[in-house]
Amino acid sequence: MAKLNILKYGNPVLKKKAEPVTEFNEDLKQLFNDMLEAMYAKNGVGLAATQLGVLKRVIVVDTTRADENPQVFLLVNPEIIQASKEKCEYEEGCLSFPEITETISRSRKVTVKAQDIFGKPIEIEGEGLLAIALQHEIDHINGILFIDRMSPVRKLLHAKELNLLKKANTPKKKHK
Ligand code: NI
């Protein structure tokens with residue numbers, strides 16, 4: 001299915017802010033199914049609907065390792081309501097940036113308010129890798145990419161690969 005194609009850096013959709021979800025219907029369930037399939041197919045720990053080209057405020061996160069019981073979070077309209085001042089650094093990757101990883105500093109602990117697949121309000125607290133994944137995915141639905149969180153020097157180190165990726169994925173303008 002074409003929908004399961006993960007958009008790569010250079011696609012302008014990745015820079016757009018996603019819209020809140022107001023209807024908790026079959027389409028939303030299908031979207032979650034597609035997102036989980038796309039995320040697990042690439043061994044990702046999180047995915048935002050934006051990355052499948054759907055501009056809805058929906059994310060999935062599963063930071064458990066293969067030898068642990070999976071704990072997957074399906075979050076609708078997620079919002080960070082508390083973030084620790086204390087930071088932690090983690091080597092992040094992103095399915096929209098194949099092959100590129102870089103150390104990013106984020107809050108070590110966050111509290112996220114969201115709705116579940118039925119529209120019921122939920123609140124989750126995450127720390128460590130879960131906190132990082134939540135911040136990374138919530139950034140996505142706001143059109144913010146992990147390279148926007150890199151220090152300028154570290155971003156420069158990736159300039160060449162980023163330019164190539166951008167060039168390959170920017171839609172060509174038609175000339176008249
Ligand atoms: Ni990402």
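Here is a short chat about a predicted model, its nickel site and its largest core.

The model is predicted, so local features need pLDDT of at least 70 and side-chain atom pairs count only at pLDDT 80 or more, while totals for chains, interfaces and linings use all residues. Residues are numbered from 1 along each chain as its sequence is written, and side-chain values use heavy atoms, with hydrogens and water left out.

Visitor: Which protein donors does the nickel ion have?
Guide: Donors are N, O and S atoms within 2.8 Å of the metal (3.2 Å for Na, K and Ca), and sites may look incomplete because water is not among the atoms. Here the donor atoms lie 2.1 to 2.2 Å from the nickel ion. They belong to Cys94 (SG), His136 (NE2) and His140 (NE2).

Visitor: What spacing do the donors of the nickel ion follow along the chain?
Guide: Helices (H or I, at least four residues) and strands (E, at least two) are DSSP runs, numbered from the N terminus. The donors' spacing along the chain is C-x41-H-x3-H. Cysteine 94 sits in the loop between strand 4 (87-92) and strand 5 (102-107) and histidine 136 in helix 2 (residues 129-141), so the pair ties together parts 42 residues apart in sequence.

Visitor: Is cysteine 94 buried or exposed?
Guide: Buried means under 20% relative accessible area, exposed over 50%, and partly exposed in between (1.4 Å probe, protein chains only). Histidine 136 is buried, and cysteine 94 is also buried.

Visitor: Which element gives the most to the largest nonpolar core?
Guide: A nonpolar core is a set of buried Ala, Val, Leu, Ile, Met, Phe, Trp, Tyr and Cys residues joined through side-chain atoms within 4.5 Å. The largest has 18 residues, including Phe32 and Val60. With 7 residues, the top contributor is helix 1.
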